[in-house]
Amino acid sequence: MASALPNPNDCCSCADGTSISTTTLDAYILAQVKGSAAVGIYAVASLSDLRAILTSSTNRYAVVFGSTPTDFTNWKWNNTGTNADDGVDYVRPNDYTTAGVWERATEVSIEIS
């Protein structure tokens with residue numbers, strides 16, 4: 001199976017190693033996944049950007065790239081989660097009311113249904 005993540009030649013003319021922006025990467029992922037499965041898959045630059053994604057039952061999975069390689073984290077959506085936002089294992093969206101949190105994904109691979 002081909003990788004879901006692009007290399008620079010897949011989505012732009014930056015074979016010289018120029019960084020791919022998260023906006024470009026997000027657009028690439030959505031174009032590759034297509035259909036209803038693409039709804040709720042995000043690539044963002046920071047936890048602030050993750051918090052800005054509105055609470056929604058279509059949220060599925062997010063990648064936060066951060067500013068350094070150690071900031072790279074994967075998050076899965078828990079539609080019924082009520083954990084406090086600690087910025088480490090749980091992140092609540094800015095529009096949180098009674099339920100729905102991002103949980104740090106510790107799995108090596110995640111099935112998105």
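## Getting to know this chain

Me: Let's start with the outside: how much accessible surface does the chain have, and what percentage of it belongs to carbon and sulfur atoms?
Reply: Happy to help, and keep in mind that this is a predicted model. The accessible surface of the chain comes to about 6900 Å². The part belonging to carbon and sulfur atoms is 52%.

Me: Which pattern of helices and strands does the chain follow?
Reply: The chain holds three helices and five strands. Read along the sequence, their pattern is α-α-β-α-β-β-β-β.

Me: In what order do the strands form the sheet, and which are the edge strands?
Reply: The five strands make an open sheet with mixed pairing, in the order 1-2-3-5-4. An edge strand pairs on one side only, and here the two that do so are strand 1 and strand 4.

Me: Which residue stands opposite valine 91?
Reply: Strand 4 covers residues 90-91. Strand 4 pairs with strand 5 in the antiparallel sense over two bridges. Across from valine 91, in strand 5, stands tryptophan 102.

Me: How many aromatic pairs are there, and what kind of pair do tyrosine 42 and tryptophan 102 make?
Reply: A search of the whole structure turns up three aromatic pairs. The ring centres of tyrosine 42 and tryptophan 102 lie 6.3 Å apart with the planes at 90°, and planes over 60 degrees apart count this way, so the pair is edge-to-face.

Me: How many residues apart are tyrosine 42 and tryptophan 102?
Reply: Tyrosine 42 belongs to strand 1 (residues 41-44), while tryptophan 102 belongs to strand 5 (residues 101-104). The pair therefore links distant parts of the chain. Their separation is 60 residues.

Me: Is tryptophan 102 buried or exposed?
Reply: Buried means under 20% relative accessible area. Tyrosine 42, at 23%, is partly exposed. Tryptophan 102 has 0% relative accessibility, so tryptophan 102 is buried.

Me: What kind of pair do phenylalanine 65 and phenylalanine 72 form?
Reply: Phenylalanine 65 is partly exposed at 23% relative accessibility, and phenylalanine 72 is partly exposed at 40%. Their ring centres are 5.5 Å apart and the planes stand at 70°, so the pair is edge-to-face.

Me: Which residues do ring pairs link into a cluster?
Reply: We have already met two members, Tyr42 and Trp102. With the remaining member added, the cluster is Tyr42, Trp102 and Trp77.

Me: Where does the charged end of arginine 92 sit?
Reply: The charged end of arginine 92 is 3.9 Å from the centre of a ring. That places the charged end over the ring of tyrosine 96.

Terms used. Residues numbered from 1 in each chain as written. Predicted model: local features only at pLDDT ≥ 70, side-chain atom pairs only at ≥ 80, totals over all residues. Heavy atoms only, no water. Helix = DSSP H or I, 4+ residues; strand = E, 2+ residues; numbered from the N terminus. Areas by Shrake-Rupley, 256 points an atom, 1.4 Å probe, with all protein chains shown as cover. Phe/Tyr/Trp six-rings, centres within 6.5 Å; stacked < 30°, edge-to-face > 60°. Buried < 20%, exposed > 50% of the residue type's maximum accessible area, 1.4 Å probe, protein only. Lys NZ or Arg CZ within 6 Å of the ring centre and 35° of its normal. Pairing = 2+ DSSP bridges.
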